[in-house]
Amino acid sequence: MSWINDPATTIVLGYVLIVAVGIILILKLSKDKTRKISTLRLFIQGAAVVGVFMGLIIGPFNKPGTLFYPLGISPRDRLVGAGFLGNQFPDGISLPILACYYPNGRTVTCAIWQLQAYIFPFWNYPRGYNVNYSTSGLEKIGIVMGLTVTAAIILGRSFCGWICPFGLYQDALTRVRKSARLRHLSFSQKTNTALGQSRYIIIAVFMILSVIFASYTIFGAEIIPGIKLGGPEGTEAGIVSNINEPFCLVCPMRPLCIIIEVAIGQMNWHYISQIVYGPGWTTGFYLTSINLAILAAITILALAYRRFWCRICPLGGLTALFSSFTPFKQIALTKLQKDEYKCTKCGVCKRVCPTQATAMYEKKGGDVTESRCMLCARCVEICPYEGALKMTFAGKTVVKSRNWLQENKADSQQND
Amino acid sequence: MRATNGKAVLTGLVAAIIVALVFPLVCSGTMAESSTTFTPATKFGIPQLNGSISFAVNGSCSSATLENDTWIFRDLRLMNSVTLGNLEVSAENSTMAIYSYRGNSITAGGTLRCMVQGQGTQTVNLGLNTTRPTHASEWYITIPGPGGHTVFLAEHEGWTLLPDNTVVVTGITGNMSITHYSFAVPNNNNLPFYQAHSVIIAVVAVLAITVAIVLVIRAKVRV
């Protein structure tokens, strides 16, 4: 079994073991009942970042002389991409998290990028950036949507609350703010609702833009000039070289990924620009400035407003569409449930909610999952009434609110 | 009782960690499946042409033969990789140290990165999975340029392409990469429908199964 001596496989197995042990230890040893779930969530977020970007460490982009090159070829090359999904779908499994494809070695990939890219410029197979596709754009989009809908049905927006790397970034900013003993700001409910609705507008706009850019490829009509696909990459003129995947030009995750990769020497700094050669060089830097400015703005806003980006994230909106609205709401497996008879309307749940969701307070009982809720379970954790709130999976309670006030009182009396 | 259970859990955890850490160490090393292994110190000489080929990393191949002053490496693996392809390479009045290679048997793309010393001629055939002659526009031969920029060399700027998809490079020294982007339709046309579209079939099946399971669970909860 040569895999035993393969350092990459050893790293993956070690990672799985560490994550499993960490989860068990947190569940067993965490004493503070109001922080146990939060601690577990932080650990899983950190583990998810490592897992999602494992390709950065043992991926296909390592070059000789870089830190992790001796670790060799990633398991991704054996399971996903060329070896498993082949050239039908080589860009990695679509998940509803912001996971830029190029640093993670295409193990899992942001569904938004794939949706855009498979409309334009990869509608017609076999073009790709050093990959070949044997499937048409429509089929690839079908695969992305199928995976996204499946993920949304199974876990809903808990991808946002527990796994998304940009969510961890924002939670880290929240902790920075708290350590500075600064209070967070809150939007009015009207503004917060409008922000939530803007997610759907954002995703619609960028998908329409992608279709416009792909108009020549799909319909044979050049709606705007410069969108004909030219020769090999680097020789094309116009839009295809500069503004493919339009949402990625404004997504804050992309520059964050690149900055971190460049900082650890795993990426050439030229990739900070959207294009690294030819006449598009200047345009690329201009576009990059927009990208970086948005990251700076989102960082500041996330310092002030908890999980600001999650309120407007189109990927979160897409996930919410397939988990929080009829008919998907009826079949979603992960839900937030409320027992109206145990709720005293103390309001602590909506005060601690990072995205200012209010359904768990305002609705009478039953399924109180709403599109703004990212199933972080903070409300469940902090609710002091036994069983008033609970997070369920397939009808089974995963975590429920505990009467931690009484339990703490009993614990302290016992210690006395 | 609770304290005892807690101790049991911790003991089990510690035991599992120890086993997981020790297990790879006690397992004996395995024989490589390939019959020829090499290290960076291994030199594949071409005496007739005053050249040599080496690899900057450890690796192996099922066979390494010198035919017509060209080294042919079959089922080449680098750093415990999967099989990367069949590489044919030669060097005249120069040495070539290869540090990255992918011939890519799934698609017709391929890439090779190397360091060349000596003003000579190198020939590289990436072992592309295609019999059709490729066009020069599908090939990228790049060298580092000033300011860290990458310089793309056009055909006849130090390299030419032969009809059998061999790239002949002359007069280039230093780091070099040879890459082929394939724009040919991958050869899935001969596959049955279910194989050619296996991924979307699998995704639809997974989605359908998920929905079915959910509906069963809902029915049970209602009952």
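Me: In which sense do strand 5 and strand 6 of chain B pair, and over how many bridges?
Reply: Keep in mind that this is a predicted model. Strand 5 of chain B covers residues 63-67, and strand 6 covers residues 70-78. One facing pair here is Leu66(B) opposite Trp71(B). The two strands run in the antiparallel sense, over 5 bridges.

Me: Which residue takes a positive phi in the hairpin of strand 5 and strand 6 of chain B?
Reply: Look at the turn of that hairpin, where 2 residues lie between the strands. The phi in question is near 55°, and the residue that takes it is Asn68(B).

Me: What is the strand order in the open sheet of 7 strands in chain B?
Reply: Start from the edges, strand 2 (44-46) and strand 12 (150-153) of chain B, each of which pairs on one side only. The pairing in this sheet is mixed, and neighbouring strands are turned by 25° against each other on average, direction ignored. Going across, the order is 2-3-8-9-15-11-12.

Me: Which residue stands opposite Ile141(B)?
Reply: Strand 11 of chain B (residues 139-144) pairs with strand 15 (residues 174-180) in the antiparallel sense, over 4 bridges. So much for the strands; the partner of Ile141(B) sits in strand 15 of chain B, and that partner is Ile178(B).

Me: Which strands are at the edges of the open sheet of 4 strands in chain A?
Reply: This sheet has antiparallel pairing and the order 4-3-5-6. An edge strand here pairs on one side only, and that picks out strand 4 (366-367) and strand 6 (396-400) of chain A.

Me: What stands opposite Gln337(A)?
Reply: Strand 3 of chain A (residues 334-338) pairs with strand 5 (residues 389-393) in the antiparallel sense, over 5 bridges. Within strand 5 of chain A, the residue facing Gln337(A) is Lys390(A).

Me: How many disulfides are there over all chains?
Reply: The cut-off is simple: two cysteine sulfur atoms must lie within 2.5 Å. Take Cys110(A), whose nearest cysteine sulfur, in Cys251(A), is 6.5 Å away, leaving Cys110(A) in no disulfide. Over all chains, the count is 0.

Me: Why is there no bond between the sulfurs of Cys353(A) and Cys376(A)?
Reply: Cys376(A) holds the cysteine sulfur closest to that of Cys353(A). They don't bond because the gap is too far, at 6.0 Å.

Me: Is Cys353(A) buried or exposed?
Reply: Buried means under 20% relative accessible area. Cys110(A) comes in at 9% and is buried. Cys353(A) has 9% relative accessibility, so it counts as buried.

Notes. Residues are numbered from 1 along each chain as its sequence is written. Chains are lettered from A and ligands numbered from 1 in the order in which they are written. This is a predicted model: local features need pLDDT of at least 70, side-chain atom pairs count only at pLDDT 80 or more; totals for chains, interfaces and linings use all residues. Side-chain values use heavy atoms; hydrogens and water are left out. Two strands pair if DSSP finds at least two bridges between them. Axes are lines fitted to C-alpha atoms, for helices over the stretch in contact, and angles run from 0 to 180 degrees between N-to-C directions. Buried means under 20% relative accessible area, exposed over 50%, partly exposed in between (1.4 Å probe, protein chains only).
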